[in-house]
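User: Please take a close look at a single part of this model, and set out for me what surrounds it and how it is connected to the rest of the fold.

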Amino acid sequence: MVKLDVEKEERFINMHTRWEHFSEDELRCKGTGEIKMDEPFMKKLVALRKKLNQTMSITSGYRHPAHNSVIGGARNSPHLYGKAVDVACHGKKAYNIIRLAIEMGFTGIGVKQHGPHDKRFIHIDTMEMSEDHPRPWVWSYK
Ligand SMILES: [Zn+2]
């Protein structure tokens, strides 16, 4: 019994040690389980989280190309590079995430703010300008 609790505790700690405020589980690819987040991106994300001073629940982090195809993600999506997250939020929190993302130099902002509150999110990324990625850029989702 005691041993099990210790193992559970260790798993909990491991889950949170890689990046402050974010668990590996919320960042891993939902298809393959891999986590290839870009370190400079994560540093920026942790800094944004500290300024926001509210919990941030990530609904999509790293995506393997195969999984991105399966879910119909954008071609050459920033998620494939580990340079993007989708954050569940709406209303004032969404406003503050967008404001901080712009202030802190995130270059791509995708807005999904219609439909049920629990399905709404803001995508933020740090992609650099390229043919597939005009930057800075704001877009909305259907
Ligand atoms: Zn996204």
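Analyst: A residue is called buried when 20 or more other C-beta atoms, placed from the backbone, lie within 10 Å of its own, exposed when there are 12 or fewer, and partly exposed in between. Because Met56 has 19 other C-beta atoms within 10 Å, it is classed as partly exposed, and I begin from this residue before moving to the sheet and the helices beside it. The model is a predicted one, so local features are reported only at pLDDT of at least 70 and side-chain atom pairs only at pLDDT 80 or more, while totals for chains, interfaces and linings use all residues. Residues are numbered from 1 along each chain as its sequence is written.

Met56 sits in the loop between helix 3 and strand 1, where helices (H or I, at least four residues) and strands (E, at least two) are DSSP runs numbered from the N terminus. Leaving aside residues up to four places away in sequence, Met56 touches Arg49 and Val87, a contact being two C-beta atoms, placed from the backbone, within 7 Å. Arg49 falls within helix 3, which covers residues 39-52, and Val87 falls within strand 2, which covers 84-88. A further neighbour to consider is Lys93, which is 37 residues away from Met56 along the chain, with 9.5 Å between the two C-alpha atoms; Lys93 belongs to helix 5, residues 91-103.

The sheet itself is open and has 5 strands in the order 1-2-4-3-5, with mixed pairing, two strands being paired if DSSP finds at least two bridges between them. Its edges are strand 1 (57-60) and strand 5, each of which pairs on one side only. On average, neighbouring strands of this sheet are turned by 25° against each other, direction ignored, with axes fitted to C-alpha atoms (for helices over the stretch in contact) and angles taken from 0 to 180 degrees between N-to-C directions. Helix 5 packs on this sheet, where it touches strand 2, strand 3 and strand 4, and its direction makes about 10° with that of strand 4.

Within the sheet, strand 3 (residues 108-112) is joined to strand 4 (residues 121-125) in the antiparallel sense over 5 bridges, and one of the pairs sets Val111 against its bridge partner Ile122 in strand 4. Strand 3 also pairs with strand 5 (residues 137-140), this time in the parallel sense and over 4 bridges; here Gly110 has Trp139 of strand 5 as its bridge partner. Just before strand 5, a cis peptide bond joins Arg135 and Pro136, with omega at about -5°, and Pro136 is in the loop that runs between strand 4 and strand 5.

The loop between strand 3 and strand 4 holds Asp118, which counts as exposed because it has 9 C-beta neighbours inside 10 Å. Asp118 lies 8.2 Å from His90, C-alpha to C-alpha, although 28 residues separate the two in sequence.

Returning to the helices, the axes of helix 3 and helix 5 come within 10 Å and cross at roughly 130°. The two helices are therefore oblique to each other, given that angles under 35 degrees count as roughly parallel, over 145 as roughly antiparallel, 65 to 115 as roughly perpendicular, and the rest as oblique. Leu48, Lys51 and Leu52 of helix 3 make the contact with Asn96, Ile97, Leu100 and Ala101 of helix 5. By class, this contact has 5 nonpolar, 1 polar and 1 charged residues, where Ala, Val, Leu, Ile, Met, Phe, Trp, Tyr, Cys and Pro are nonpolar, Asp, Glu, Lys and Arg charged, and the others, Gly among them, polar.

Two other loop residues deserve a note for their backbone. His21, in the loop between helix 1 (2-17) and helix 2 (24-27), has phi near 75°, a positive value in a residue other than glycine, and with 13 other C-beta atoms within 10 Å it is partly exposed. Asn76, in the loop between helix 4 (65-70) and strand 2, likewise has a positive phi without being glycine, near 60°, and its 15 other C-beta atoms within 10 Å make it partly exposed.

Set in the whole chain, this part belongs to a fold of 5 helices and 5 strands, which follow the pattern α-α-α-β-α-β-α-β-β-β along the sequence. Of the 142 residues, 25% are buried, and among contacts with a separation of 6 or more, 65% are between residues 24 or more positions apart.
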